[in-house]
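User: I am new to reading protein structures, and I would like to go through this one step by step. Could we begin with the overall layout and then turn to the ligand?

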Amino acid sequence: MMFIRPVAHKDLPGLMDLARSAASGGVGLTSLPINEDRLQKRIARSVLSFSGELDRADHGYVFVLEDSENGKVAGICAIEAAVGLKEPWYNYRVGTIVHASEELGVYSRHETLFLSNDHTGFSELCTLYLHPDYRIKRNGGLLSKSRFLFLAQFPQLFGKMVVAEMRGVSDENGCSPFWEALGRHFFSIDFAKADYLTGIGQKAFVAELMPKHPVYVDFLPPEAQAVIGLTHEATRPALAMLESEGFRYEGYVDIFDAGPTVQAYSGDIRAVKESQRLPARVVDPLPDGDKTCYLVCNDALEGFRAVLAESAAPQGEFSLTPELARALDVKDGDHVRCVALTPKEAA
Ligand SMILES: CC(C)(COP(=O)(O)OP(=O)(O)OC[C@H]1O[C@@H](n2cnc3c(N)ncnc32)[C@H](O)[C@@H]1OP(=O)(O)O)[C@@H](O)C(=O)NCCC(=O)NCCSC(=O)CCC(=O)O
């Protein structure tokens, strides 16, 4: 059985394996560098976040997907409670500047990139990675969307808006047309290096050196213009899952590769809005009848668990098999939070 739980110190070797797997797939995950020291610090920060021992500005909750058959860490995902409260959080906002003169009969509008800190204080979904061997049986949905149950359960820990930065377009050698056209002029390193520095916590430092004045998109080469707001092919499944929950691109892009940031009000995320907190009824076997697949979590913060469960539409209580109750660490009568998968996922 697959279940979600908070990351623990013992998971360092498992996270290193995931980081190596991500890099070998050619995608590389900015926030999952193959760097034992960084990963160990990330685990430690998460453990302290779950126990409430840090400032809100430092809270970052990391979860792993564990295979109970063999104890293997199959995937990772995270939520940062509030970005930009310690050091600036930068995006480009794709806006418009109009140059017009009625007298001369001239009117032209220009797409322009404005440096912004507009997402300061928002929560961020990040570090989503599932080992390729486990990209089966809705594990991707469990991994990505379990975070929404956590958000619904503990709204006081998060901002009113949630964002996610999707990887922008780069080729098989890690070369980004947007970086080559813009960042490269201000920082004489290649995109892969800038991306690595971002992953080890140096993004603000690199960002300080990027152009502060609005950038006219017309002045960028066509290959850079073409990738503004586009998602890397390998990251499309991650984006599709967020879009199915109501996340949208609102014109903010990454300052390095111009990948889109998608966003949603926390309370408007489908799985947050539609989730219900109900008493668990542990039954063996489950009653006959039509069943749907639900995301289910327990009530605990440090002992958070989430699973996928087939169940009939809940009528004031949520029926669970003893095996699922054990995975969720709940007893009959304890409360769980549940939400059905989208009809497309459940099909
Ligand atoms: C993202 C996951 C975990 C997703 O797992 P799976 O691949 O098993 O998921 P899946 O069920 O096959 O696909 C999920 C949904 O994407 C759809 N889908 C699949 N391929 C697609 C494509 N090329 N274009 C558009 N949609 C696509 C499927 O139909 C499905 O939607 P339906 O269910 O509706 O049919 C994995 O692919 C992965 O680890 N990828 C590599 C790392 C990565 O790119 N991470 C995101 C980085 S960005 C980040 O971390 C921030 C975002 C975040 O944290 O969430």
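User: Into which domains is the chain divided?

Analyst: Because this is a predicted model, the answer describes a computed structure. One of the domains is made of two stretches of the chain, 2–93 + 117–270, and the other covers 275–340. The division is therefore into domain 1 (2–93 + 117–270) and domain 2 (275–340).

User: What area is buried between domain 1 and domain 2?

Analyst: The centres of the two domains, taken over C-alpha atoms, are 30 Å apart. In the contact between them, domain 1 takes part with 20 residues and domain 2 with 21 residues. Carbon and sulfur atoms give 66% of the buried area, which is about 1700 Å².

User: Which residue has a side-chain N or O atom 3.5 Å from an oxygen atom of the ligand?

Analyst: A polar backbone atom of C126 is 3.2 Å from an oxygen atom of the ligand, and for T127 a backbone N or O atom lies 3.3 Å from a ligand oxygen. Those two contacts involve backbone atoms, whereas the one at 3.5 Å is made by an N or O atom in the side chain of T235.

User: How much of the area that the ligand exposes when taken alone does the protein bury?

Analyst: Taken alone, the ligand exposes 1100 Å². Of that area, the part buried by the protein is 75%.

User: Of the residues around the ligand, how many are nonpolar, polar and charged?

Analyst: There are 23 residues around the ligand, and among those that come nearest are C126 and R147. Sorted by kind, the shell holds 13 nonpolar, three polar and seven charged residues.

Key:
Residues are numbered from 1 along each chain as its sequence is written. This is a predicted model: local features need pLDDT of at least 70, side-chain atom pairs count only at pLDDT 80 or more; totals for chains, interfaces and linings use all residues. Side-chain values use heavy atoms; hydrogens and water are left out. A residue is near a molecule or strand if one of its heavy atoms lies within 4 Å of it. A polar contact is a pair of N or O atoms within 3.5 Å; within protein, one must be able to donate a hydrogen and the other to accept it, and residues adjacent in sequence count only if both atoms are side-chain atoms. Accessible areas come from the Shrake-Rupley method with a 1.4 Å probe; for residues, only the protein chains shown count as cover. Ala, Val, Leu, Ile, Met, Phe, Trp, Tyr, Cys and Pro count as nonpolar, Asp, Glu, Lys and Arg as charged, and the others, Gly among them, as polar. Contact means heavy atoms within 4.5 Å. Buried area is the accessible area (1.4 Å probe) that two parts lose on being put together, summed over both.
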